[in-house]
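Work through the exercises below with the sequence and the structure at hand. Each task is followed by a solution in steps.

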Amino acid sequence: MKKLFFIISIFTLVATVSFAQTTAKTTKTVYKGKKATTSTGTLYAKKSSKVAIITGKDALIMNGTAFTMKKGPLKAKTDATKDMQYRTFHDVLVNILLEGNADISKYSDTKITKANGNTVYTIKPSAGNKKLMFTSFVITASGKELKSIRLDRSNGQYTEYVFSDYKTGVTIDDKVFK
């Protein structure tokens, strides 16, 4: 009985791993002479399938394979099972959160390099698909800890999230991922 309790306790601990990081979001627009703007927020992660980056009224949320992007009152949704660009992004994030235990070698659009002790994942969807929201994603991590995510657009605009203050064992309400 003690052995069963120990196994259930370990499973519960693994299944509820969560962390939070402080986020600095920089958005660069290249029209009308606007400068890059920076705002702060928080990255929340629960298990390996729930990630939310929230900065003010803006958010990028991954709940399983469902992605929601919020910009003020506007909201866009997609699903990684139907959108190849987000499938790769999803699988790379899961790979990082599981510390390399997810297979991303099948994606020819992902380049993995090492720099300054970090692993850099550059995802560039095929050039043939002109309807993509982003031309590339660049995700930098050190082990399980995300360092940055950059979302590039074809017109030179980008959104970059830089993370710090990694804290584990944080209690996170599931409402964050809705």
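The exercises that follow concern a predicted model.

**Exercise 1.** Find the residues with the most contacts inside the largest nonpolar core, and the helix that gives the most to this core.

Solution. The core has 30 residues, and those with the most contacts inside it are Leu43, Phe89, Ile139, Ile149 and Leu151. Helix α2 (residues 84-97) gives the most, with seven residues. A second, separate core has six residues, including Ala52, Ile61, Ile172 and Val176.

**Exercise 2.** Classify the ring pair of tyrosine 86 and phenylalanine 89.

Solution. Start with the positions: both residues lie in helix α2, three residues apart, about one turn of the helix. Next take the geometry. A pair of aromatic rings is described by the distance of the centres and the angle of the planes. Here the centres are 6.3 Å apart and the planes are at 85°. Planes over 60 degrees apart count as edge-to-face, so this pair is edge-to-face.

**Exercise 3.** Tyrosine 86 also pairs with phenylalanine 137; which parts does this pair tie together?

Solution. The ring centres are 5.8 Å apart with the planes at 65°, so this pair too is edge-to-face. Tyrosine 86 lies in helix α2 and phenylalanine 137 in strand β9 (residues 136-142), so the pair ties together parts 51 residues apart in sequence. Finally, ring pairs link Phe67, Tyr86, Phe89, Phe134 and Phe137 into a cluster.

**Exercise 4.** Is threonine 55 buried or exposed?

Solution. Threonine 55 is in strand β3 (residues 50-55). Its relative accessible area is 4%, and the cut-off for buried is under 20%, so threonine 55 is buried. Among the residues it touches are Thr23, Lys25 and Ser39.

Conventions:
Residues numbered from 1 in each chain as written. Predicted model: local features only at pLDDT ≥ 70, side-chain atom pairs only at ≥ 80, totals over all residues. Heavy atoms only, no water. Core = buried A, V, L, I, M, F, W, Y, C linked by side-chain atoms within 4.5 Å. Buried < 20%, exposed > 50% of the residue type's maximum accessible area, 1.4 Å probe, protein only. Helix = DSSP H or I, 4+ residues; strand = E, 2+ residues; numbered from the N terminus. Contact = heavy atoms within 4.5 Å. Phe/Tyr/Trp six-rings, centres within 6.5 Å; stacked < 30°, edge-to-face > 60°. Lists of a residue's contacts leave out its neighbours within four places in sequence.
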